[in-house]
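Hello,

Here is the structure I promised to pass on to you. Please open it beside this email, and my notes will follow below.

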Amino acid sequence: GNMCGTATLENDLITFQMNKKFDIYVHGAGDVLSSVIIGELFRGKNIQQAAQSAVDFVAECIEVSIAGGYDPRFGLFIERVISKLIPTK
């Protein structure tokens with residue numbers, strides 16, 4: 001398929017959080033994903049919301065990395081996207 005993401009389990013309910021699939025392997029994408037999930041949970045989101053935010057963030061980081069010609073072997077180019085994790089008032 002053309003989608004990729006993660007699954008969460010809460011109260012015996014499995015849900016999927018999806019975004020666009022990329023046909024490249026990016027080192028550290030899982031680390032970024034899990035870090036954003038934890039951060040979003042600490043900000044009060046539920047597991048499904050936190051996981052979707054993380055999946056969306058990683059997808060955007062991959063898009064920015066590809067567009068900038070950044071070598072995916074060196075991880076995600078998160079510096080261009082990380083400000084989107086800052087809560088807006």
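The buried residues of helix α2 pack against β1, β2 and α1. The buried set in this helix is made up of A50, A51, S53, A54, V55, F57, V58, A59, C61, I62 and S65. Please keep in mind as you look around that this is a predicted model.

Why do I trust the outline of α2 as a helix? With 21 residues at 1.5 Å a residue, α2 should span 30 Å, and its end C-alpha atoms are 30 Å apart, so the two values agree. A general point helps when you read the list of buried residues: an α-helix has 3.6 residues a turn, so residues three or four places apart point the same way.

One of the buried residues is worth a closer look. S53 sits in helix α2, and it counts as buried because its relative accessibility is 18%, where the cut-off is under 20%. Beyond its neighbours up to four places away in sequence, S53 touches V36, E40 and K45.

Now go to the start of α2. There, a side-chain oxygen of N46 comes within 3.0 Å of the backbone nitrogen of Q48. Q48 is itself part of helix α2. Leaving out residues up to four places away in sequence, Q48 touches T8, E10, T15 and Q17. Q48 and K89 are 41 residues apart along the chain, and their C-alpha atoms are separated by 22 Å.

T8 takes us over to strand β1, where it has its place. Is T8 buried or exposed? At 7% relative accessibility, T8 counts as buried. Two polar contacts involve its side chain: one of 2.7 Å with the side chain of T15, and one of 3.1 Å with the side chain of Q17. If residues up to four places away in sequence are not counted, T8 touches L13, I14, T15, Q17, I47, Q48 and A51. Both Q48 and the buried A51 belong to α2.

From β1 you can step into the loop that leads to β2. N11 lies in this loop between β1 and β2, and so does D12. What is the phi of N11? The value is near 50 degrees, which is positive in a residue other than glycine. For D12, phi is near 65 degrees, again a positive value in a residue other than glycine. N11 counts as exposed at 72% relative accessibility, and D12 counts as exposed at 79%.

Next, the pocket. The largest pocket holds about 340 Å³ of space. It is lined by 18 residues, and those closest to its centre are C4, F22, A29, V58 and I62. Which elements give two or more residues to this lining? They are β1 (3–10), β2 (13–20), α1 (29–42) and α2 (47–67). The largest share, four residues, comes from α2. Sorted by class, the lining has 11 nonpolar, five polar and two charged residues. V58 and I62, from the group closest to the pocket centre, also appear among the buried residues of α2.

Finally, follow the chain past the end of α2. Just after this helix, G69 takes a positive phi of about 70 degrees. G75 lies in the segment after α2, and at 9% relative accessibility it counts as buried. Where does G75 sit in relation to A29? The two are 46 residues apart in sequence, while their C-alpha atoms are 6.9 Å apart in space. With its neighbours within four places in sequence left aside, G75 is in contact with V26, H27 and Y70.

T88 also has its place in the segment after α2. T88 is exposed, with a relative accessible area of 76%. Its C-alpha atom is separated by 18 Å from that of Q52, and the two residues are 36 apart along the chain.

I hope these notes help you find your way around.

Best wishes

Notes
Residues numbered from 1 in each chain as written. Predicted model: local features only at pLDDT ≥ 70, side-chain atom pairs only at ≥ 80, totals over all residues. Heavy atoms only, no water. 1 Å grid on protein atoms, 1.4 Å probe; cavity = no way out; pocket = protein on both sides within 12 Å on 5 of 7 lines; lining within 4 Å. Points joined across faces, edges and corners; volume = space filled by probe spheres on them. Nonpolar A, V, L, I, M, F, W, Y, C, P; charged D, E, K, R; others polar. Expected span 1.5 Å × (residues − 1). Buried < 20%, exposed > 50% of the residue type's maximum accessible area, 1.4 Å probe, protein only. Contact = heavy atoms within 4.5 Å. Polar contact = N/O pair within 3.5 Å; in protein donor to acceptor, adjacent residues only side chain to side chain.
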